[in-house]
Amino acid sequence: MTAADTIFAVSSGTGRAAITVLRISGSRAGAVLERLTQTLPAPRLASLRTITDPETGDFLDQALVLWFPGPHSATGEDIAELHLHGSHAIVVAVISALSRSPGIRPAEPGEFTRRAFLNGRMDLVQVEGLGDLLEARTAAQRKQAYRQMAGHASTVFDDWRHQLLMIRSDLEAAVDFVEEPGVAEEAAATIDQGISDLLEEMKKHLAQSASAEIVRDGVRVVLAGRPNTGKSSILNALARRDAAIVSSIPGTTRDAIEISMDVAGFPVILTDTAGLRPSAGDPVEEEGIRRSRKHIAAADVVLWVVAPDVTDSQIVEEGIEPDVVVCNKADLTLYGSGAAGGKWQTAVVRTSAVGNIGMTELLEALSGLIQKRFGQAESSLVVTARQRNAVETSIRFLNGAQMLPSGALELKAEAIRQACDEIGRLTGRIGVEEWLGVIFSRFCIGK
């Protein structure tokens with residue numbers, strides 16, 4: 001397998017469909033297309049062609065064909081696209097004919113996108129954005145991934161690199177005149193201000209990265225509280241299915257149960273946990289409680305569930321800060337006595353999981369909270385651990401450059417060079433070979 005090979009793959013979804021798109025990329029794409037259709041269509045113009053087997057002359061399909069000569073194509077190479085009828089028999093027959101053609105082979109996962117990167121059609125941040133876009137399940141994930149793929153983040157990262165290159169250039173110019181009185185001090189003051197301004201911008205975007213990562217991975221919402229307050233019933237009501245076992249016996253839930261939801265366009269992982277109480281009934285429940293506290297500690301949002309028929313359910317364990325208090329079993333008249341009441345400093349929603357009461361209000365409260373906390377995350381620039389590490393390392397080098405004395409211009413220049421290299425690795429301008437296999441392994445065959 002080499003980058004010079006001509007490759008092909010189905011680029012549309014699998015299964016029964018009206019149309020199946022098959023892509024061919026590489027130096028022999030035009031020759032292969034001519035063998036299948038007898039004539040090469042005009043560039044970038046959809047043309048109806050009869051596709052035949054080059055060896056047997058058998059009719060295979062009548063399809064729309066597109067021809068994209070490189071370098072102005074998705075991969076930077078010559079590309080041909082066959083928009084076939086989606087019949088399994090047709091697709092198999094065309095793939096069989098391609099497989100027997102000389103100088104062409106099936107594509108590896110992510111190979112089309114890898115070629116786009118290697119040929120300068122995409123940078124590494126855009127590639128990561130495309131990978132996230134292909135896996136996006138919610139509106140927030142789609143918007144965040146699209147901004148990365150469209151190059152919004154890359155434009156800013158390239159500007160940071162350009163600023164660093166200019167600062168380094170100024171430093172090296174000042175080194176030539178370091179013997180002149182006051183030159184080093186004046187140059188260092190101007191350069192330090194430039195570093196300071198850039199640092200402030202980089203730190204601002206880095207601070208948003210945690211929220212951006214939550215949008216990628218999902219907001220962790222945990223149902224917590226005493227046993228038998230109805231946490232599992234609430235989970236089932238929100239999931240609209242019996243995801244958790246429900247009974248009147250306290251301590252029924254022994255381990256965490258998770259479901260995935262879409263709340264206000266954000267991916268949410270809703271977790272039902274074992275009820276918390278000072279003394280567990282047995283070692284298994286004790287382990288369940290330990291795991292509950294672990295999930296609560298890692299949660300982005302905690303829903304504390306109380307019930308009027310559960311003693312002291314309104315008392316929150318020390319160290320837990322609820323984001324929403326859910327007063328469940330609202331159908332019970334006991335609520336009139338204030339048995340599960342309390343002066344809460346957070347949002348309170350009354351529900352009845354059995355009567356399906358208040359679930360809309362609970363979702364609205366959760367939606368408002370998520371929008372408030374993570375609503376701006378979809379516009380973040382730094383969204384992956386790899387990107388965050390590169391920016392953090394660059395910031396560390398810039399902080400080191402600022403701490404150097406004004407006369408140490410050469411040392412400052414070296415620190416700036418290292419910071420600049422980190423931003424270069426961020427977009428894939430330099431030294432990213434070790435990341436390529438990891439990133440492209442997520443892609444499907446046709447991408």
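The following conversation concerns one helix and one strand of a predicted model.

User: What kind of model is this, and how are residues numbered?
Analyst: This is a predicted model, where local features need pLDDT of at least 70, side-chain atom pairs count only at pLDDT 80 or more, and totals for chains, interfaces and linings use all residues. Residues are numbered from 1 along each chain as its sequence is written, and side-chain values use heavy atoms, leaving out hydrogens and water.

User: How far apart are the end C-alpha atoms of helix α11?
Analyst: They are 22 Å apart, which agrees with the expected span of 22 Å for the 16 residues 359–374 at 1.5 Å a residue. That span is 1.5 Å times one less than the number of residues. Helices (H or I, at least four residues) and strands (E, at least two) are DSSP runs, numbered from the N terminus.

User: Which residues of α11 are buried?
Analyst: M359, L362, L366, S367, L369, I370 and F374 are buried. They cover an arc of only 165° around the axis, which puts them on the same side of α11; the arc is that of the directions from the helix axis to the C-beta atoms. Buried means under 20% relative accessible area, exposed over 50%, and partly exposed in between (1.4 Å probe, protein chains only).

User: And which are exposed on the other side?
Analyst: E364 and K372 are exposed there.

User: Now strand β9. Which strands pair with it?
Analyst: Strand β7 (residues 219–225) pairs with β9 in the parallel sense over five bridges, and β8 (residues 257–263) in the antiparallel sense over seven bridges. Two strands pair if DSSP finds at least two bridges between them.
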